[in-house]
Structures are given as C-alpha cells and as structure tokens.
Amino acid sequence: MRPVKKSSNNQSYAPDAAQSFSGAVAALLQKIDGVATQPNYTIDLDRVLKLLLERAKGLPIAGVTAVEQDVLVTGLKQRVTTLYKTAALPLTQELGAFCAYCGTALPGLVEVEHTVPKAPYPMYATTWENFLPACGPCNTSKGNKPDRITATQSSGIHAPDETDLRNTIRYHCYIWPDLAPDCYRRLPLKLHYHDSNRWIELDPATSVNGNNQLTAYDVIQHQILATIEVNHTLLNDVPVTVVVDCAAHDTVEADTIDLTGLNDDSSSIYDRRQMNRTRAWFDALEECRLLGTAQSGYDLDLLWKGTPRRAASSGFYAVWLTVMQAYGAHYATRFVQETKNSLYYPQTNTHSLP
Ligand SMILES: [Zn+2]
C-alpha cells in the first residue's frame with residue numbers, strides 16, 4: 001500500500017448543497033412535505049442523505065407507502081451516485097490513477113471508493129474526505145463492509161452516532177493509505193513459491209536473486225510461473241505469487257487484508273490483482289538488474305532516467321519499493337524521492353518510507 005497525502009477538500013469537487021428533483025421523486029418528496037405538487041422540487045443534499053440514512057437503519061420514511069419508498073430511495077441513490085462520481089477526475093489528478101489498496105495502475109475508469117461504505121453510512125456518501133481511487137476488484141471485495149452492527153460492536157459505544165461509526169472505521173479498525181503513513185511497512189509484501197504441495201515464503205535476499213525470471217503469465221490457469229534460485233539451485237517453472245504478509249488474526253492489518261481481499265487467490269479469472277502484483281515484482285527485479293549493470297554514477301544516472309516512468313506504468317508502488325529495498329537500499333531511497341510527483345506517483349506520503 002502506498003501512503004498518500006490527500007487534501008481535506010478539493011476545489012474541483014463541490015456538489016451543490018441544494019438538489020433539485022423532478023418527476024416521481026419530486027412528487028414523493030412533496031407528498032412527504034405536504035406541499036402542493038410542482039414539476040420540480042428542491043431539498044438540501046443533507047436531507048437527501050438523511051432520508052437514505054433512515055433506510056440504512058431500516059426505518060420507514062414517514063408519509064409514503066412501502067412501494068413509494070422504494071421509488072424514492074432509488075431516485076435519491078441515483079442522484080448521490082451522480083454526485084460522487086464527479087470526484088473521479090479530481091481524485092486521479094491528486095493521487096494518480098492507481099488503486100489506493102492494491103496499487104494497480106488504472107488505465108481508464110477510476111472507481112470512487114468510499115472508505116466508510118455509502119450504503120450503510122450514507123451521511124458520508126458525498127464527502128470528499130471519504131473517497132479514495134480504487135480498482136473494480138478492490139471496490140467489489142470491500143463492498144458494504146463493515147455493516148452497522150459490526151461497526152457498532154467495534155466502537156464499544158452503547159449508541160454510537162454517525163460520527164462515532166465513521167471514526168471507528170477510519171481510525172481504529174483498518175489501515176487506510178491516506179491516514180497511515182506507515183501503511184507500507186505494516187502490510188509487507190513477500191514472494192512465495194509452490195513446491196511439494198505447499199507455498200513457501202522466500203526471504204528478501206532470495207526473493208530478488210539475480211537469476212529469478214518470470215517464465216509464464218497464464219490467465220486461464222490463473223497462474224504465474226518463474227524460475228527462481230533457492231539455495232544455489234535453479235527451480236524451473238514453479239508457481240510464484242506475491243502476498244501481503246498475513247498478519248496474525250484479529251489485527252488491524254489482517255482485517256485490512258480481509259476487507260479488501262488483497263490475498264484472494266480468486267477463482268475468478270477477472271480478478272487478477274495478485275497475478276499482476278506478482279508480475280510487477282519481476283518487472284521491478286528486471287529494472288534492478290538493469291540498474292545494477294551501471295559501471296559508474298554517470299551510467300546509473302543515465303539508466304535511471306526511465307526507471308520512474310517504467311515503475312508508474314507497471315503500477316504497484318509498494319512492490320517496486322519492496323524489491324528495490326531488498327536489492328539495494330540506495331535504489332529504494334532514490335525511487336521514493338524521484339517518483340513523488342505528478343508525473344509518476346503524486347502525493348506519496350514519504351514520511352515513513354526508506
Ligand atoms: Zn485494487
């Protein structure tokens with residue numbers, strides 16, 4: 001996970017405080033308010049969110065039938081979706097087109113991910129502070145977790161209000177890249193290989209052995225094969241994978257991995273986060289080998305010119321940093337310094353990085 005400095009607000013994202021509705025939604029809102037029917041009806045965004053909160057709490061909306069509530073809620077949710085989606089471009093501008101969780105480089109659509117999920121906690125559905133850019137698999141994996149019952153229990157507060165629930169989720173239960181400068185260190189990455197029916201973790205030095213090579217990227221089999229050198233022996237075409245180090249159960253780290261499904265070795269070939277992360281490992285290793293051919297500081301500077309660009313194209317900042325750190329600490333330090341800009345990895349929070 002790449003720690004980022006995210007602004008508390010962004011001038012390019014400013015949803016209107018007054019929201020005008022027409023059609024069935026306007027008619028139902030006017031029915032609730034007991035006013036004469038007009039083609040258009042305007043209410044505060046805050047009220048839109050409060051009506052959705054009633055629904056999230058399982059409470060009826062007074063003044064309309066159950067069927068009408070469904071129509072109203074659908075209309076209000078559509079409006080909220082339209083509003084928060086306008087944050088996609090400002091988010092990309094500010095933090096780069098990378099998934100905030102897995103690090104995937106996003107070629108097109110950036111999903112506006114709600115750290116505090118919008119369905120159970122609609123009061124934060126349009127709040128800039130609550131957004132991060134994400135890929136589809138991470139966003140889907142996270143879904144509506146944690147639900148209100150889970151967050152209430154985690155808060156330890158008898159009757160938590162919306163702020164209490166939000167603070168519980170954001171400050172106590174998980175690791176977030178915009179709030180935890182040490183997220184990179186707390187979710188370390190490890191290269192594993194498969195042998196004798198089990199996955200075996202490689203130590204950092206063996207993980208970046210100069211003879212390690214990617215040999216196959218098999219989407220159908222959902223598998224990455226590599227040649228790796230272990231104890232001076234080359235193992236040819238063994239399955240490899242990069243996992244986020246599985247912390248002990250019931251830790252904030254383990255809960256974060258579970259929440260985002262970072263180690264899901266999904267049966268779906270559409271979720272290739274782990275495969276791509278593993279490929280990025282070997283991309284970074286190849287880059288290190290290239291840099292390692294430099295015979296002088298001048299050579300290294302020449303070779304280094306393309307490094308930040310190739311890293312940003314590959315994505316997976318944390319993978320690149322991990323490989324560089326294991327290969328040569330000076331590479332890691334230079335990588336951090338030269339990529340923290342709008343061309344490569346904008347707004348990286350380097351406070352706790354090498
Ligand atoms: Zn992702």
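Which residue stands opposite Ala216 in strand 8? Leu225 does, and the hairpin that holds this pair appears in Figure 3 below. All views are taken from a predicted model.

**Figure 1. The whole protein consists of 15 helices and 9 strands.** The C-alpha atoms fill a box of roughly 80 × 45 × 40 Å, taken along the principal axes. The protein has 354 residues, and 38% of them are buried. Among contacts with a separation of 6 or more, 64% are between residues 24 or more positions apart. The protein is divided into domain 1, residues 1-180, and domain 2, residues 184-339.

**Figure 2. An open sheet is built from 5 strands.** The order of the strands is 6-5-9-8-7, and the pairing is antiparallel. Strand 6 (198-201) and strand 7 (213-218) are the edge strands, and each of them pairs on one side only. On average, neighbouring strands in this sheet are turned by 40 degrees against each other, with direction ignored. Helix 11, residues 273-291, packs on the sheet. This helix touches strand 5, strand 7, strand 8 (223-230) and strand 9. The direction of helix 11 makes about 125 degrees with that of strand 9. Strand 5 (residues 189-195) is joined to strand 9 (residues 233-244) by 5 bridges, in the antiparallel sense. In this pairing, Leu191 stands opposite Val242 of strand 9.

**Figure 3. Strand 7 and strand 8 form a hairpin.** Between the two strands there are 4 residues. His222, in the turn, has a positive phi of about 60 degrees. The strands pair in the antiparallel sense over 5 bridges. Ala216 and Leu225 of strand 8 stand opposite each other.

**Figure 4. Strand 8 and strand 9 form another hairpin of the sheet, with 2 residues between the strands.** Asn231 takes a positive phi near 50 degrees in this hairpin. Again the pairing is antiparallel, over 5 bridges. One of the facing pairs is Glu229 with its bridge partner Leu234, in strand 9.

**Figure 5. Strand 1 (residues 18-22) has side chains that alternate between two faces.** Gln19 and Phe21 point to one face and are buried. Ala18, Ser20 and Ser22 point to the other face and are not buried. Strand 1 runs antiparallel to strand 2 (residues 40-44), and 5 bridges join them. Which residue of strand 2 is the bridge partner of Ser20? The partner is Thr42.

**Figure 6. A stretch of the chain carries an annotation from UniProt.** The unreviewed entry in that record places the feature "domain: HNH" at residues 99-145. In the model, this stretch is 15% helix and 17% strand. The C-alpha atoms at its ends are 18 Å apart.

**Figure 7. Domain 1 and domain 2 are in contact.** How many residues of each domain take part? There are 18 in domain 1 and 23 in domain 2. Helix 5 (residues 136-142) gives 4 residues to the side of domain 1 that touches domain 2, and this is the largest share. By class, the residues on that side of domain 1 are 12 nonpolar, 3 polar and 3 charged. The C-alpha centres of the two domains lie 34 Å apart.

**Figure 8. Helix 14 (residues 317-327) packs with helix 15 (residues 329-339).** Two numbers describe a pair of packed helices: the angle between the axes and the distance between them. For helix 14 and helix 15, the angle is about 145 degrees and the axes are 5 Å apart. Helix 14 contributes Trp320, Leu321, Met324, Gln325 and Tyr327 to the contact. These residues meet Ala329, Tyr331, Ala332, Phe335 and Val336 in helix 15. The contact has 9 nonpolar residues, 1 polar residue and no charged residues.

**Figure 9. Thr333 lies in helix 15.** Is Thr333 buried, exposed or partly exposed? Thr333 counts as partly exposed because 16 other C-beta atoms lie within 10 Å, whereas a buried residue has 20 or more and an exposed one 12 or fewer. Ile228 is 105 residues away from Thr333 along the chain, and the C-alpha atoms of the two are separated by 26 Å.

Methods
Residues numbered from 1 in each chain as written. Predicted model: local features only at pLDDT ≥ 70, side-chain atom pairs only at ≥ 80, totals over all residues. Pairing = 2+ DSSP bridges. Axes fitted to C-alpha atoms, helices over the stretch in contact; angles between N-to-C directions. Contact = placed C-beta atoms within 7 Å. UniProt positions renumbered as here; feature names shortened; annotations may be inferred. Nonpolar A, V, L, I, M, F, W, Y, C, P; charged D, E, K, R; others polar. Domains from an automatic or database assignment.
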